[in-house]
Amino acid sequence: MVCFCFLVDQRRKVRRSKPVAGSCSRCGRGASVVDIITQTRFCYVPFYCKSWKAIMCTFCGAILKSYA
Ligand SMILES: [Zn+2]
């Protein structure tokens with residue numbers, strides 16, 4: 001069986017970010033509320049796109065909290 005997993009990748013793009021009270025549990029820097037777009041691509045062609053909100057550290061990229 002041939003595996004095509006390597007043809008699928010996922011891109012995460014931060015559309016908007018706004019500083020919020022609180023700090024990152026990993027690096028201790030400020031956290032932000034962000035609008036994220038997750039794009040799943042097959043052979044570099046996007047076929048699935050999802051946008052979601054999360055509290056994220058913009059310095060180290062850790063997701064501190066996500067909203068479904
Ligand atoms: Zn951090």
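Begin by selecting Asp35 together with the residues that it touches: beyond four places away in sequence, these are Lys13, Val14, Arg15, Arg16, Trp52 and Lys53. The model on display is a predicted one. Asp35 itself is found in strand 2.

Keep Asp35 selected and display side chains. Is this residue buried or exposed? Asp35 counts as buried, because its relative accessibility is 8%, under the 20% limit for that class. Next, add the side chain of Arg16, with which the side chain of Asp35 makes a polar contact at 2.6 Å.

**The whole chain**

Now return to a cartoon of the entire protein chain. There are four strands and zero helices, and from the N terminus the elements follow the order β-β-β-β. The protein chain has 68 residues, of which 24% count as buried. Among the contacts in the chain with a separation of 6 or more, 39% are accounted for by residues 24 or more positions apart.

**Strands 2 and 3**

Colour strand 2 (30-42) and strand 3 (45-57). How do these elements pair? Strand 2 and strand 3 are antiparallel to each other, with 12 bridges between them. To see one of these bridges, select Phe42 and its partner in strand 3, Val45.

Move from that bridge into the turn. Strand 2 and strand 3 form a hairpin, and two residues lie between them. Select Cys43, which lies in the loop between strand 2 and strand 3. Although Cys43 is not a glycine, its phi is positive, at about 55°. Cys43 counts as partly exposed, because its relative accessibility is 37%.

Tyr44 is the next residue to select, found in the loop between strand 2 and strand 3. Phi of Tyr44 is also positive, near 65°, and Tyr44 is likewise a residue other than glycine. Tyr44 is exposed, because its relative accessible area of 65% lies over the 50% limit.

**Strands 3 and 4**

Follow strand 3 onward to strand 4 (63-67). Strand 3 and strand 4 pair in the antiparallel sense, here over four bridges. Select Ile55 and Lys65 to view one of them: Lys65, in strand 4, is the bridge partner of Ile55. Strand 3 and strand 4 also form a hairpin, this one with five residues between the strands. Within its turn, select Gly61, which has a positive phi of about 85°.

**The zinc site**

Select the zinc ion and display its ligands. Which residues coordinate the zinc ion? The donors are the SG atoms of Cys24, Cys27, Cys57 and Cys60, at 2.3 Å. The angles among these four donor atoms run from 103 to 119°, and the site is tetrahedral. For comparison, the ideal angle for four tetrahedral donors is 109.5 degrees. Along the sequence, the donor residues follow the spacing C-x2-C-x29-C-x2-C.

Reduce the selection to Cys27 and Cys60. This pair links distant parts of the chain, 33 residues apart: Cys27 belongs to the loop between strand 1 (8-23) and strand 2, whereas Cys60 belongs to the loop between strand 3 and strand 4. Cys27 is partly exposed, with a relative accessible area of 37%. Cys60 is partly exposed as well, at 32%.

How many disulfides are found when the whole structure is searched? The search finds zero.

**Gly30**

For the last stop, select Gly30, which is found in strand 2. Gly30 is partly exposed, with a relative accessible area of 34%. Its contacts, leaving aside neighbours within four places in sequence, are with Gly22, Cys57, Thr58 and Phe59. One of these residues, Cys57, also provides an SG donor to the zinc ion, so a view showing Gly30 and its contacts may be overlaid on the zinc site.

Finally, add Pro19, which lies 11 residues from Gly30 along the chain. The C-alpha atoms of Gly30 and Pro19 are separated by 7.2 Å.

Definitions and conventions
Residues numbered from 1 in each chain as written. Predicted model: local features only at pLDDT ≥ 70, side-chain atom pairs only at ≥ 80, totals over all residues. Heavy atoms only, no water. Donors = N, O, S within 2.8 Å, 3.2 Å for Na, K, Ca; no water. Tetrahedral: all angles 85-135°; square planar, octahedral: opposite > 155°, others 65-115°. Buried < 20%, exposed > 50% of the residue type's maximum accessible area, 1.4 Å probe, protein only. Polar contact = N/O pair within 3.5 Å; in protein donor to acceptor, adjacent residues only side chain to side chain. Contact = heavy atoms within 4.5 Å. Pairing = 2+ DSSP bridges. Disulfide = S-S within 2.5 Å.
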